[in-house]
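Please open the structure in your viewer and keep the selection panel at hand. The tour below goes from the whole chain to single side chains, one stop at a time.

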Amino acid sequence: AMLRAAWQDSEASTSSARKRLKSSEADLEAQAAKIHRLDGDLRATWASESEAVRQVHEHKSALADRHREFVVELSEAQRDVHRQEMLAQQRGSEIEASRQELRQMQARLEDHQRQAGAL
């Protein structure tokens, strides 16, 4: 009878250990599935962030290109304005010289008219 009671205790203990083992296996499988899902989420997040970083670099490069173009356009516009200012200054000088020449011609004409009137 003692042997039978020991065998039954051993059977109960083994059955309990098997149940705990199956429960632990199920927990491990659930944790493995969760880790696998988290790994997939992490990979997707990394890919998304990598794409965002790539887009930011692409946008930054496009902005830098546009800035360089703008600097060139601005420089050309400044040269054009300077050239126009120089031409305007030259024309102003030419106009002033023409006015001076016209005043001298009018003065000579008036002198000739006075001399002709004195005769």
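Begin with the charges: in this predicted model, the protein has 19 positive and 21 negative charges, and the mean positions of the two sets lie 5 Å apart.

**The whole chain**

Keep everything selected and turn the view until the full outline can be seen, for the C-alpha atoms fill a box of roughly 175 × 15 × 10 Å along the principal axes. The radius of gyration of the protein is 50 Å, whereas a compact globule of 119 residues would have one near 14 Å. If you colour by secondary structure, you will find one helix and zero strands, and the helix, H1, covers residues 2–118.

Now switch on the surface, which for the protein amounts to about 11100 Å² of exposed area, with carbon and sulfur atoms supplying 58% of it. How much of the protein is made up of buried residues? Buried residues account for 0% of the 119 residues.

**Two distances along the chain**

Select Ser13 and Arg99 and draw a line between their C-alpha atoms: the two residues are 86 residues apart in sequence and 125 Å apart in space. Arg99 lies in helix H1, and with a relative accessible area of 48% it is partly exposed.

Next, select Trp46 and Leu74, which are 28 residues apart in sequence and, from C-alpha to C-alpha, 41 Å apart in space. Stay with Leu74, which is also found in helix H1, since the next stop includes this residue.

**A nonpolar patch**

Add Phe70 and Val71 to Leu74, and you have a nonpolar patch on the surface whose three residues together have about 260 Å² of accessible area. Val71 belongs to helix H1 and has 42% relative accessibility, so this residue counts as partly exposed. Leu74 likewise counts as partly exposed, because its relative accessibility is 39%, and that value falls between the 20% limit for buried and the 50% limit for exposed residues.

**The salt bridges**

Across the whole structure a search finds 10 salt bridges, and the following selections show some of them.

Select Arg54 and Glu58 and display their side chains, which meet in a salt bridge with 2.7 Å from N to O. Why are these two residues separated by about one helical turn? They are four residues apart in helix H1, and therefore about one helical turn lies between them. Both ends of this pair can be looked at in turn: Arg54 counts as partly exposed at 40% relative accessibility, and Glu58 counts as partly exposed at 49%. Then add Glu51 to the selection, for Glu51, Arg54 and Glu58 are linked in a network of salt bridges.

Move on to Asp80 and Arg83, which form a salt bridge whose closest N and O atoms are 2.3 Å apart. Because they are three residues apart in helix H1, these two residues are separated by about one helical turn. Arg83 has a relative accessible area of 45% and is partly exposed, while Asp80, with 37%, is partly exposed as well.

For the last pair, select Glu96 and Arg103, where a salt bridge brings the closest N and O atoms to 3.2 Å from each other. Are the two partners buried, exposed or partly exposed? Glu96 is partly exposed, with a relative accessible area of 38%, and Arg103 is partly exposed, with a relative accessible area of 42%.

**Back to the full view**

To finish, select the whole chain again, and place these stops on it: the nonpolar patch of Phe70, Val71 and Leu74, the linked network of Glu51, Arg54 and Glu58, and the salt bridges of Arg83 with Asp80 and of Glu96 with Arg103.

Notes: Residues are numbered from 1 along each chain as its sequence is written. This is a predicted model: local features need pLDDT of at least 70, side-chain atom pairs count only at pLDDT 80 or more; totals for chains, interfaces and linings use all residues. Side-chain values use heavy atoms; hydrogens and water are left out. Patches are made of residues with over 30% relative accessible area and no salt bridge: like charges are joined within 9 Å, nonpolar side chains (Val, Leu, Ile, Met, Phe, Trp, Tyr) within 5 Å. Accessible areas come from the Shrake-Rupley method with a 1.4 Å probe; for residues, only the protein chains shown count as cover. A salt bridge is a side-chain nitrogen of Lys or Arg within 4 Å of a carboxyl oxygen of Asp or Glu. Buried means under 20% relative accessible area, exposed over 50%, partly exposed in between (1.4 Å probe, protein chains only). The radius of gyration is taken over C-alpha atoms; the globule rule is 2.2 Å times the number of residues to the power 0.38. Lys and Arg count as positive and Asp and Glu as negative; His and the chain ends are not counted. The place of a charge is taken as NZ of Lys, CZ of Arg, CG of Asp or CD of Glu.
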